[in-house]
Each structure stands twice: as structure tokens, then as C-alpha cells.
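Colleague: I'm still new to reading sheets. Could you take me through one part of this model slowly, strand by strand?

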Amino acid sequence: RHSFPTRRSSDLYPTPDQSLVPKAPAAGLVDVDAAGFSDQFGEYIFKVGDGPTWCTISPDFGLAICEQNEVSTQYAPIPVPDTCDFSYGYQVELKATAPEDGSPEAFFPCLGSTFTDPTGALTLQDGQQISASGFTCFVAVDTARCENKEKHFIVLGPKAWALG
């Protein structure tokens, strides 16, 4: 299902304008009850503000993944590794903890489809935050930032992405 780059993703690709990447939540951040975002499979899915992005926190897979349709992206295309024959650069994934195989915690997965379907998902609005299964995600306008307990993170929105 996944292929991992051999180097850190941040070393492989030019990053977007860092002023577009949320570093910390805005003052007055509102925590929302994660239970309202749970689907019938025990995952937490939310649409990101008024933007095209959605995120899923998956306790069963120990990950948070944010994704959007290719046509919604406004950042420069991410070069597709030779090992990937599928969609690349429109999803970012974060593991709950450092993988034992040494692969990165935050990366672009090579996936043949979306991880989840956001149809019917509730919207996490600008200035709201959700915490579930060891992940905390917040929305800044139309961009999401999710962190694990180790403070590694992913960011995705129509104009920006970041891995750290």
C-alpha cells in the first residue's frame, strides 16, 4: 500500500512558501469533541475549513493522513519517485510513532486512491482543533496541521504542504 522514500521527504523536494505553513495554532483555539467526527469504522475524518482538503486520524493504522484532489493543489508538483506508479504529492501521512524499519514518520505516500471518502464528514473550521489517538490537528483558514506525540507533523492545504 505504501512506498517509502529512502531519504527524508524534506530533503527531496523544494518546499512551498513557508509563510503559508501554519506553525502554531492561533490564539483562542477551540478544542472540539473528537467523538462527533468518528465514522462507523472508528476513524476520525474532517474536512479542512472551506478548502478542498480532508484529514483522517486512523487508530487502527496508527496514522493521520491529509489528502486532496490533484486539481485542487496550487503548489508546484511534487516529483514522483521511480518506485511509485500511482498518485503522489496530494496526500501527506504521519505515523503515530517512529517506524521500526527506519522509514520517516512524516512522508508523501504512494497511493492508488484516496485513503478515505470525505463525503458526509464534518468540517473542522479555522481556529478549531481536534485530538484523538495520539494526534492533534488544527485548521488555519484552509490548511491543516497534524502532530503526533513526538511533535512530528504534516501540513496540507491547497497552497502549502510541509513534513517535519
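What is the mean pLDDT of the protein chain, and what share of its residues reach 70 or more? After that, please stay with the sheet that holds strand 8, strand 9 and strand 10.

Modeller: Happy to. Keep in mind that this is a predicted model. The mean pLDDT of the protein chain is 90, and 91% of its residues reach 70 or more. One stretch to treat with care is residues 1–10, where pLDDT stays under 50; the model has 24 contacts beyond four places in sequence for that stretch.

Now to your sheet. It's an open one with 6 strands, and if you walk across it the order is 1-8-9-10-11-12, with mixed pairing. Strand 1 (30–31) and strand 12 (161–163) sit at the edges, and each has a single partner strand, so one side of each is left without a neighbour in the sheet. As a general point, strands of a sheet pair through backbone hydrogen bonds, either parallel or antiparallel.

Let's zoom in on strand 8, residues 128–132, and strand 9, residues 135–140. They run antiparallel and are joined by 4 bridges. You can find two of the pairings by eye: Ile130 has Cys137 of strand 9 as its bridge partner, and Ser131 stands opposite Thr136 in strand 9. To get from one strand to the other, the chain makes a hairpin with 2 residues between the strands. Look at Ser133 in that turn, with its positive phi of about 50°.

Follow the chain along strand 9 and you come to another hairpin, this time leading into strand 10. Here, too, 2 residues lie between the strands, and Val141 takes a positive phi near 60°. Strand 10 covers residues 143–148, runs antiparallel to strand 9 and is joined to it by 6 bridges. Thr136 is a handy landmark here: it stands opposite Ser131, and in strand 10 its bridge partner is Glu147.

If you'd like something to set beside this, there's another open sheet of 6 strands, in the order 6-5-4-3-2-7, again with mixed pairing. Its edge strands are strand 6 (106–107) and strand 7 (122–124), each pairing on one side only. Inside that sheet, strand 2 (residues 44–48) and strand 3 (residues 54–58) run antiparallel, joined by 4 bridges. Lys47 has Trp54 in strand 3 as its bridge partner.

Definitions and conventions. Residues numbered from 1 in each chain as written. Predicted model: local features only at pLDDT ≥ 70, side-chain atom pairs only at ≥ 80, totals over all residues. Heavy atoms only, no water. Pairing = 2+ DSSP bridges. pLDDT = per-residue confidence, 0-100. Contact = heavy atoms within 4.5 Å.
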